[in-house]
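This report concerns a ligand site and a pair of metal sites. Please examine the sequence and the structure before reading on.

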Amino acid sequence: DLGSVKYQAWLERPLVLVADESTQTIVQTCLFERRNFYDENATALYFSNIGGASLAMYLDFGLRHDAIDHHLLDMLCSNVSVCLDNVVLTSRMHNLAFFDPLTGLANRLQLLQTLHDTLHSPKKDDSALALIDIDHFAETNDALGHQFGDFLLCSVGKRLRSHFGDNCQIARIGNDIFAILGHEDLVSPNLILSLFQQAFIADHQNVQLSATLGLIKFSDYEHSSSEALKDANIALKRAKLHNRSAYCYFTRDMGVEIRERVRMMHALRAAFEGERLFVVYQPQIDMRSGKTVGAEALLRWRTEEGNFVPPDQFIPIAEYSGLIVNIGEWVLRSACFELMQLREAGYLEFQIAVNVSQAQFSHPQFMHSLERALKDSRIPPHCLELEITESMAMTDPEMLISMLQKIKGMGVRISIDDFGTGFSSLSQLQKLNVDKLKIDRAFVSEISSVDSEASIARMIVQLSQSLNLAVIAEGVETKEQAEALLTFGCQFAQGFLYAKPKTKTELRAWLKG
Ligand code: C2E
Ligand code: CA
Ligand code: CA
């Protein structure tokens, strides 16, 4: 029992001895010879390799000179060494597990732990959590290097700590995302944003940063700590969507919205597997002859209760979740096989258009699945048209250009859907080398209300003529629209004026006239 004894201990590194000379000698001997040292009036106990360092403990009294006692003491010290080493190791592991090595702040795990404790304590009702996302950090990192980025993060961490450190928990929970958990009066968005008004210093440079915040108050929050972190993230995403350098508090509706989307994702997967998805075909008409020249394949989802979910609602979820890759391939194959059957029935000029989203297009297997659909259905490639949107040209033009080249090399045609709503430049359009423009229905529906000379629909038709592209109008609902389009020089149309999307059987009946 050393509890009652006066003692001093020194770590081998750094060795700073402030004791008198004889004490110094004893301690140094102990450390140098790596053993316990026994003297008449003093003792130095040696503890080896505790977290990589050795420790000498100085006792200002002698112990009995008894070989057995010394032997026992030696064993005790080596046992204590092992135990202490374990303690150091566990605390290091704890540090690694719960702290961010770059900034020394708590990490996500530690934050979750504190959050859990907070949500189960009386503090819950006036606590709040803020997530702080540094705007455009990725760009800064790319432009000025990761090391500079690290300096910046440390600088942000330091400022947050110096303002909130004593009263709140501060954590870095993602690359450039910090979190502050504490009393809701302290965790105030204006206060946090005001910290970003002054430049940060990194590598002797002044850098002006801005941040976007997602916050959540816990007064009537019922979910777990990990849900709370997710919900704060939802608020952050919402804030970023609206405006950078702003903030947004989580509201219950947001959670419902997200949970609803997750629910819909599961339901969509189940519907796909349960074969409750099907494809309908909307006829495309040659307005001069009145003949049906082709159809656009459109996906439908009928729930088990018999309700229809509109594609505008579920397609984005399919895209977001990646389900669109399999579903889209299935639509493509269905359309190709339907076309094959129409050809067998004698409709040899019939064309089929299939919508393809960005997520499908950028999937490495896309070309392969397209080739397979053509091969398996044995339809001529020029009877198939893929509808892509202008916005796809914006995200990754190089990828798109090379993909389109390959697709066109196969003989498949390309049209640009919703034309006029994206922002692609003319030069980009020329590079894409597409076959057809599809006038968005917004421009078709405004035809009667604007001066027809000035209508966008007319300009798109002129553009298609000068670029030597085919053109089709979608969403044609009235005779006036059809007539105006014809006078502009647009020959083809799709819309409720002619036909709504039809099931396979309905389409056959329609074609028979
Ligand atoms: P979209 O490609 O622009 O498809 C045309 C939409 O306009 C269809 O809606 C169609 O039913 C509707 N429509 C056709 N004629 C008229 C009309 O005269 N008036 C009005 N008001 N609407 C008309 P739908 O079927 O609800 O599809 C909505 C969107 O969902 C499509 O827009 C397309 O972006 C997407 N979508 C549908 N099926 C697929 C698919 O298989 N794959 C992918 N990636 N997207 C699809
Ligand atoms: Ca379309
Ligand atoms: Ca469209």
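The sections below describe the model, the surroundings of one ligand and the two calcium sites.

## Basis of the model

The model is predicted, with local features needing pLDDT of at least 70 and side-chain atom pairs counting only at pLDDT 80 or more, while totals for chains, interfaces and linings use all residues. Residues are numbered from 1 along each chain as its sequence is written, chains are lettered from A and ligands numbered from 1 in the order in which they are written, and side-chain values use heavy atoms, with hydrogens and water left out.

## The surroundings of ligand 1

Ligand 1 occupies the largest pocket. A pocket is an open set of points on a 1 Å grid over the protein atoms alone, where a 1.4 Å probe fits, with protein on both sides within 12 Å along at least five of seven lines; a molecule sits in it if more than half of its atoms lie within 2 Å of its grid points.

The shell of ligand 1 holds 22 residues, and the closest are Gln282, Arg300, Arg441, Glu477 and Phe496; a residue belongs there if one of its heavy atoms lies within 4 Å. By type, the shell comprises eight nonpolar, six polar and eight charged residues. Strand S13 (292-302) provides the largest share, four residues. Helices (at least four residues) and strands (at least two) are DSSP runs, numbered from the N terminus.

## Polar contacts of ligand 1

Polar contacts are pairs of N or O atoms within 3.5 Å. A nitrogen atom of ligand 1 lies 2.5 Å from an N or O atom in the side chain of glutamate 477, and a nitrogen atom lies 3.1 Å from such an atom of serine 357. For the side chain of aspartate 417, an oxygen atom of ligand 1 is 3.0 Å from an N or O atom. The protein covers 85% of the 780 Å² of accessible area that ligand 1 has on its own, by the Shrake-Rupley method with a 1.4 Å probe.

## The two calcium ions

Donors are N, O and S atoms within 3.2 Å of Ca. The calcium ion (ligand 2) has the protein donors Glu296, Asn355, Glu387 and Asp417, at 2.1 to 2.3 Å. Asp417, Asp418 and Glu474 coordinate the calcium ion (ligand 3) at 2.1 to 2.6 Å.

Which residue bridges the two ions? Aspartate 417 does, and the ions lie 4.0 Å apart. Because aspartate 417 lies in strand S17 and glutamate 474 in strand S19 (residues 470-474), the pair ties together parts that are 57 residues apart in sequence.

Technical notes
A polar contact is a pair of N or O atoms within 3.5 Å; within protein, one must be able to donate a hydrogen and the other to accept it, and residues adjacent in sequence count only if both atoms are side-chain atoms. On a 1 Å grid over the protein atoms alone, a cavity is a set of points where a 1.4 Å probe fits but cannot get out, and a pocket is an open set with protein on both sides within 12 Å along at least five of seven lines; lining residues have an atom within 4 Å of a point. Ala, Val, Leu, Ile, Met, Phe, Trp, Tyr, Cys and Pro count as nonpolar, Asp, Glu, Lys and Arg as charged, and the others, Gly among them, as polar. Donors are N, O and S atoms within 2.8 Å of the metal (3.2 Å for Na, K and Ca); water is not among the atoms, so sites may look incomplete.
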